[in-house]
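These are my notebook entries on a single chain. I set down what I looked up, in the order in which I looked.

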Amino acid sequence: MTTDATDETIPSAAAMRFLIDLLDTPGPTGYTDEAITLCEQWFGTLVAKFTGATLSRTRKGALKIHIPGKASTHPVAVTAHVDTLGLMVKEIKSSGRLKVSRIGGVMWNGIEMEGVTVRTADNTRIRGTVVPVNGSVHVNREVHKAPRNADTLEVRLDIRTTKAEETRAHGIEVGDFVFLDARVETNDEGFIRSRFLDDRASVASIYAALELFDEAPAQDTTILIANYEEVGHGGTSDFADNLFELLAIDMAAVGNGQNSDEYHCSICTMDGAGPYHFQTIERLRRLAKANDIDVKTDIYPYYSSDATAYWFAGGAARTGLIGPGVDTSHSYERTHTDAIRDTAKLIAAYLQDNPAQHNGD
């Protein structure tokens with residue numbers, strides 16, 4: 001590294017401020033302009049230190065950063081996604097309340113009693129809460145037994161409405177986005193709990209990695225902050241035809257039977273779509289060992305990333321996947337600054353390493 005950063009200062013105060021600001025910015029898949037604009041501002045200032053670096057938006061609305069490398073024989077790319085889970089108005093009920101559809105894999109029981117904001121077509125923001133239908137225990141003695149799904153949960157709006165026409169009079173209509181509250185909290189122990197750490201902790205890890213060095217990366221580098229990952233096609237395009245390798249940064253799955261935890265960066269060797277590229281995985285392991293990064297390796301059976309989406313879309317480059325461990329994914333999540341630190345260090349090491357130097361790469 002070319003800065004004087006120590007483990008205790010990674011992630012930096014700036015990287016943490018960026019992460020918190022990003023977590024507090026709405027961005028369900030399909031409505032990510034606010035989050036991409038925030039990333040554009042933060043990354044724009046940071047990458048200005050790299051000669052010739054450019055920022056642009058793809059036609060799909062993702063943020064694309066290009067940093068010229070010391071060589072261009074084996075161009076690489078790093079991607080993380082800024083889009084999150086969310087909801088969309090499916091129906092305005094006769095009661096004036098809302099039936100909603102999920103955007104991405106929202107856990108219904110994980111959002112019960114969560115605060116939400118409905119965005120109308122004219123950008124009015126109306127607050128509400130996800131509640132059970134007929135949810136009072138003093139009226140419905142069986143409410144605790146009901147399954148949690150689109151039919152048994154609804155959005156109770158903080159406006160005076162008892163019928164669909166009154167709700168529509170406030171500008172709410174079918175197709176409006178519904179943002180779930182992030183509820184970001186940090187503490188002196190290094191924990192961060194919030195919705196949407198998947199995958200905004202990884203976006204912050206890329207930011208923290210770029211803080212760690214000032215010279216050009218080893219190879220021409222593209223950083224794609226994708227915006228459609230939660231529905232399966234975020235990182236499938238907008239890379240150079242001669243891309244040599246794509247490294248996805250996404251949360252590591254934590255739970256029973258998993259090797260990952262909240263305190264480490266994990267290297268995923270295989271997910272639900274199959275194994276990642278062997279040489280890429282081996283290079284990541286070598287880099288972790290050479291830079292004294294205590295990584296975990298793991299398999300995620302119910303998971304796929306933008307790197308596998310890129311392969312399914314016909315991408316020819318090698319792929320790999322790393323990321324910070326995140327507990328209780330797709331609900332109210334938690335990670336630790338140690339996991340972000342080690343992910344940032346491995347990303348920085350990866351970008352400064354020339355794959356052309358390794359036999360078999």
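Before reading helix positions, I fixed the term: two elements are in contact when heavy atoms lie within 4.5 Å. Angles are taken between N-to-C directions, from 0 to 180 degrees, with axes fitted to C-alpha atoms. I also note that this is a predicted model.

**Entry 1: helices on a sheet**

I looked up helix 8, residues 337–352, and found that it lies across strand 11 and strand 19, at about 65° to strand 19. Helix 5, residues 197–211, also lies across strand 11 and strand 19, but runs at about 25° to strand 19.

**Entry 2: the sheet itself**

I then asked in what order the strands of this open sheet stand. The order of its 3 strands is 10-11-19, and the pairing is antiparallel. Strand 10 (185–186) and strand 19 (333–336) each have a single partner strand and stand at the edges, so one side of each has no neighbour in the sheet. I recalled that strands of a sheet pair through backbone hydrogen bonds. Strand 10 pairs with strand 11, residues 191–194, over 2 bridges in the antiparallel sense. Checking the register, I found Glu 185 opposite Arg 193 of strand 11.

**Entry 3: the nonpolar cores**

Which residues touch the most other members of the largest nonpolar core? I recorded Phe 43, Ile 206, Leu 210 and Ile 225, in a core of 88 residues. Helix 5 gives the most to this core, with 9 residues.

I followed Ile 206 further, leaving aside its neighbours within four places in sequence. Its contacts are Phe 43, Val 78, Thr 79, Ala 80, Ile 223, Ile 225, Ile 249 and Ile 347. A second core, separate from the largest, has 9 residues, among them Ala 77, Leu 224, Phe 239 and Ala 317.

**Entry 4: the whole chain**

I counted the secondary structure as 8 helices and 19 strands. The radius of gyration is 21 Å, close to the 21 Å of the globule rule for 361 residues, so the chain is as compact as a globular protein of that length. The C-alpha trace spans about 70 × 40 × 40 Å along its principal axes.

What share of the residues counts as buried? I noted 55% of the 361. Among contacts with a separation of 6 or more, 76% join residues 24 or more positions apart. The chain exposes about 15,100 Å², of which carbon and sulfur atoms supply 48%.

Methods. Residues numbered from 1 in each chain as written. Predicted model: local features only at pLDDT ≥ 70, side-chain atom pairs only at ≥ 80, totals over all residues. Heavy atoms only, no water. Pairing = 2+ DSSP bridges. Helix = DSSP H or I, 4+ residues; strand = E, 2+ residues; numbered from the N terminus. Core = buried A, V, L, I, M, F, W, Y, C linked by side-chain atoms within 4.5 Å. Buried < 20%, exposed > 50% of the residue type's maximum accessible area, 1.4 Å probe, protein only. Rg over C-alpha atoms; globule rule 2.2 N^0.38 Å. Areas by Shrake-Rupley, 256 points an atom, 1.4 Å probe, with all protein chains shown as cover.
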